[in-house]
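Here are my notes for someone opening this entry for the first time. Have the viewer ready and go through them in order.

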Amino acid sequence: GLAVGNDQTFTTLCPSLTFLTQPSNHLITYGTAASFSVDATNALTYQWQEDNGSGFTNITDGGIYSNSNTSELNISLPTVEMSGYKYRCVITGSCIPEAISDGNATLFVSAKSIVITANAGQFKLYGDSDPANFVYSYAPALEGSDMLTGELARVIGEDAGNYSFTLGSLVASSNYSLSISSSTTF
């Protein structure tokens, strides 16, 4: 700006805001944290924004978000539903205007693979009913309070012999991809 007083002219220099690095895409599997970062010259403040398909809005710290007012945004447990969300950072300096990163940084979250293994030794005698519930284990562990619902099943048939287990009605949220191990049979 320019100020005039007492026959003297003062010039105030305004350092320009420049992005040295833009935030880049982040590809993770559910259960992994994500972060986006920028490097900028002459930045005094940072404000991260997210576009979930409805336009960019400011992010505030809380829930899965932290450091929303720093050069590095952290997201502790992004879900598969967040895949495709875009992120950008608005920086301000000592002068106007602000600078905004390009908004092309995209989060990609893939489902966590869980392998279901039926416990060995499950059987019935010819003519009897199947057990009420098949027993199984799974690996790796689910995240937080996430859980499996439903029941394991087996291939239909009543003749004496071995039958493969199936996922039956066993499901988890869209953050998981379930498969069944063929290592045990009924």
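The points below go from confidence to sheet, core, rings and backbone.

1. First, the ground rules. This is a predicted model, in which local features need pLDDT of at least 70 and side-chain atom pairs count only at pLDDT 80 or more, while totals for chains, interfaces and linings use all residues. Residues are numbered from 1 along each chain as its sequence is written, and side-chain values use heavy atoms, with hydrogens and water left out.

2. On confidence: pLDDT is the predictor's confidence in each residue, from 0 to 100. The protein chain has a mean pLDDT of 89, and 93% of its residues reach 70 or more. Among its elements, strand E1 (residues 2–5) comes out lowest with a mean of 48, and E9 highest with 97. The element names come from DSSP runs, numbered from the N terminus: helices (H or I) take at least four residues and strands (E) at least two.

3. Now look at a small sheet. Strands E5, E10 and E9 form an open, antiparallel sheet in the order E5-E10-E9; two strands pair if DSSP finds at least two bridges between them. E5 and E9 are the edge strands with a single partner each, so each has one side without a neighbour in the sheet. Four bridges hold the antiparallel pairing of E5 and E10. Among the facing residues, Ser37 is opposite Glu72 in E10, and Phe36 has Leu73 as its bridge partner in E10.

4. Stay on E5 and check its side chains. Ala34 and Phe36 point to one face and are buried, whereas Ser35 and Ser37 point to the other face and are not. Here buried means under 20% relative accessible area, exposed means over 50%, and partly exposed is in between (1.4 Å probe, protein chains only).

5. Which residues touch the most other members of the largest nonpolar core? They are Ile75, Tyr87, Ile91 and Leu107, out of 37 residues. Strands E5, E7, E10, E11 (86–92), E13 (105–110), E14 (112–118) and E18 (176–180) each supply at least two residues of this core. A nonpolar core is a set of buried Ala, Val, Leu, Ile, Met, Phe, Trp, Tyr and Cys residues joined through side-chain atoms within 4.5 Å.

6. Leu107 is a good place to zoom in. Setting aside neighbours within four places in sequence, Leu107 has contacts that include Ala34, Phe36, Met82 and Tyr87. Contact means heavy atoms within 4.5 Å.

7. Next, the aromatics. The whole structure holds five aromatic pairs. Rings of Phe, Tyr and Trp (its six-membered ring) pair if their centres lie within 6.5 Å; planes under 30 degrees apart count as stacked, over 60 as edge-to-face and the rest as tilted. Tyr30 and Tyr176 have ring centres 5.4 Å apart and planes at 80°, so they are edge-to-face. This pair links distant parts of the chain, with Tyr30 in the loop between strand E4 (26–29) and E5, and Tyr176 in strand E18, 146 residues apart. Both Tyr30 and Tyr176 are buried.

8. Phe165 and Phe186 give another edge-to-face pair, since their ring centres are 6.2 Å apart and their planes at 80°. Phe165 sits in strand E17 (residues 165–166) and Phe186 in the segment after E18, 21 residues apart. Both Phe165 and Phe186 are buried, and ring pairs link Phe134, Phe165 and Phe186 into a cluster.

9. There is a charge over a ring as well. The charged end of Arg154 sits over the ring of Tyr163, 4.9 Å from its centre. The test is NZ of Lys or CZ of Arg within 6 Å of the ring centre and within 35 degrees of the ring normal.

10. Finally, some backbone details to check. Most residues other than glycine have a negative phi, and most peptide bonds are trans. Asn42, in the loop between strand E6 (39–41) and strand E7 (45–51), has a positive phi of about 65° and is partly exposed at 39%. Asn67, in the loop between E9 and E10, also has a positive phi of about 65° and is partly exposed at 32%. A cis peptide bond joins Ala139 and Pro140, with omega about -5°. Ser113, in strand E14, touches Ala139, Pro140 and Ser177, not counting residues up to four places away in sequence.
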